[in-house]
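Q: Could you pick one part of this model and look at it really closely with me? After that, I'd like to see how other places compare, step by step.

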Amino acid sequence: GSGESRCTELLERMAWPRPQYIGEFHNAMLAEYLDSQNLEVVLPRHAPQCDISMGDRKPQMFPRPNFCWEAYKMHLALLGPSTACRTQFTSFLRKMADVFTGPPSRLGPGREAVPNYFLDDQLHRLVLWELPEVNWKQSCDDYIRELGLLYIDCVFMLFSDKYVLTDIYAKLCVSMALHGIPFYVICTMSGDELDEKSWLRLKSDFQRKDIQVKMFNPNKPHDLLEQLIPDFFKEVSWNRSKRDDDLTKHIDEQILGQTVRLKNIESKPELNGRCGVCIGFDKEKNRYRVRLINSGVETDLAMKQDCISVLKPKLLGKMVRVKGLESKPELNGRYGFVDEFLRENERYRVFLPDRPGKGLALALKAANLEKVDSVRDAVPVKDSPAAPADAKTLPSPNQRPKAKPAA
């Protein structure tokens, strides 16, 4: 984080401590990229939709999981055999930026994906997922399919000198490389120091497997992060740089990447009222290309101009005040940041800072939000209220409602 976010004043007034390393690892190019890049129009190069050798079969073989269904986010993942390593990494993350943990998304019995959200108007399009480890019965491709790693922009695989990666994780590195998934293997230190002999032994073990390892010492973070963050930006920006010129050069930028609602469809009336994203215009067919998600599979539709209407949510990226909630009136008057417009239920996702280091991710109607220019009235929260009935806690994509067809 840069420390210059529009959320900074709000967090200060709510008694959030200032991150120890705020601004020290800020990458202005990454912040500008996240602000300007149309992430839904330019999918990662390793996404199933980009593999033209298999046509429409690969998105069906590797459907997008519910937890990362939001294509307008840049999804990052933490993997590894040790919960302690992930906790060490996410704890340090809070020393770099204002981050809070969202509610987990259930993948299966005993398996969850836990999101870490950035309460920062420059970084809010990033979400870092803590994902479960490989099951002993799983093949690498089954694991990649379960966790949707083909939709993840970058994977950070963590281990330590005490929790060394097993052969299955070495095989996973090979499998991710074959799929073109960007990843970094990072050794976190279980103690204050790691002697040079032990470090050289670890490096040589992985070099024999053609895997490059980076060392992370929380007490000396600059050694890793000053190199890792620029490398990460180069990797993800290149990976998201390939546009389909045939679809994007003949369309107004005011429509490209915008939310659209389908209407007047006679052949498939069940689609009327559904919302998707406009990803281009097919000049030969004179049709707009609209992408929406059906049963976890991203589907591209060719639509006439009179079959879509463009929605332009006015509160995106704004500071707002909650109002008019009846079931939990204690949330009224609270300030937050509008992260995104959720097409599935046509609500705004709002990040509400709570007690220091805690936050709420709620889906609220526009009628319950008021745009504000000042947060002077914000005060620290003593007790963390539960989410109200008319505000849906997010993300819980497994439970998100489907849009109802238009009457």
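A: A polar contact here is a pair of N or O atoms within 3.5 Å; within protein, one atom must be able to donate a hydrogen and the other to accept it, and residues adjacent in sequence count only if both atoms are side-chain atoms. This is a predicted model, so local features need pLDDT of at least 70 and side-chain atom pairs pLDDT 80 or more, while totals for chains, interfaces and linings use all residues. Residues are numbered from 1 along each chain as its sequence is written, and side-chain values use heavy atoms, with hydrogens and water left out.

Let's zoom in on aspartate 121. You'll find aspartate 121 in the loop that joins β4 (111-118) to β5 (126-130); these labels come from DSSP runs numbered from the N terminus, with helices (H or I) needing at least four residues and strands (E) at least two. Its side chain has a polar contact with the side chain of serine 5, at 2.9 Å. Another polar contact, at 2.8 Å, links the side chain of aspartate 121 to that of arginine 6. If you set aside residues up to four places away in sequence, aspartate 121 touches Ser5, Arg6, Cys7 and Phe337, where contact means heavy atoms within 4.5 Å. Is this aspartate buried or exposed? Aspartate 121 counts as buried because its relative accessibility is 17% (buried is under 20% relative accessible area, exposed over 50%, partly exposed in between, using a 1.4 Å probe and protein chains only).

From there, hop to another loop residue, arginine 240. Arginine 240 lies between α8 and α9 (245-248), and with 2% relative accessibility it counts as buried. Its contacts, leaving aside neighbours within four places in sequence, make quite a list: Tyr33, Gln37, Leu39, Val42, Leu43, Pro44, Ala71, Lys73, Met74 and Asp153.

One name on that list, Tyr33, leads us to a pair of helices. Helix α2 (residues 28-36) packs against helix α8 (residues 222-239) at an angle of about 25°, and their axes are 10 Å apart. So α2 is roughly parallel to α8. (Axes are lines fitted to C-alpha atoms, for helices over the stretch in contact, and angles run from 0 to 180 degrees between N-to-C directions; under 35 degrees is roughly parallel, over 145 roughly antiparallel, 65 to 115 roughly perpendicular and the rest oblique.) On the α2 side, the contact uses Met29, Leu30 and Tyr33, while α8 brings Phe232, Phe233, Val236 and Ser237. Sorted by class, that contact of α2 with α8 has 6 nonpolar residues, 1 polar and no charged ones. (Ala, Val, Leu, Ile, Met, Phe, Trp, Tyr, Cys and Pro count as nonpolar, Asp, Glu, Lys and Arg as charged, and the others, Gly among them, as polar.)

Now for a second helix pair. The axes of helix α5 (residues 140-147) and helix α6 (residues 167-179) come within 9 Å, crossing at roughly 70°. That makes α5 roughly perpendicular to α6. Here Cys140, Asp141, Tyr143 and Ile144 of α5 meet Ile168, Lys171, Leu172, Ser175, Met176 and His179 of α6. The contact of α5 with α6 splits into 6 nonpolar, 2 polar and 2 charged residues.

Next, some strand residues. Phenylalanine 216 sits in strand β8 (residues 213-216) and is buried, since its relative accessibility is 1%. Beyond its neighbours within four places in sequence, phenylalanine 216 contacts Phe89, Phe92, Ile186, Cys187, Thr188, Met189, Pro221 and Leu224. Alanine 367 is 151 residues away from phenylalanine 216 in sequence and 46 Å away in space, C-alpha to C-alpha. Leucine 362, in strand β17 (residues 359-364), counts as buried because its relative accessibility is 0%. The C-alpha atoms of leucine 362 and glycine 273 are 23 Å apart, with their positions 89 residues apart along the chain.

Back to the loops to finish. Glutamate 253 lies between α9 and β9 (259-262) and, at 46% relative accessibility, is partly exposed. Glutamate 346, in the loop between β15 (335-342) and β16 (347-353), is partly exposed too, with 33% relative accessibility. Glutamate 346 also has a positive phi of about 55° although it isn't a glycine. Asparagine 286, from the loop between β10 (275-282) and β11 (287-294), likewise has a positive phi, near 55°, in a residue other than glycine.
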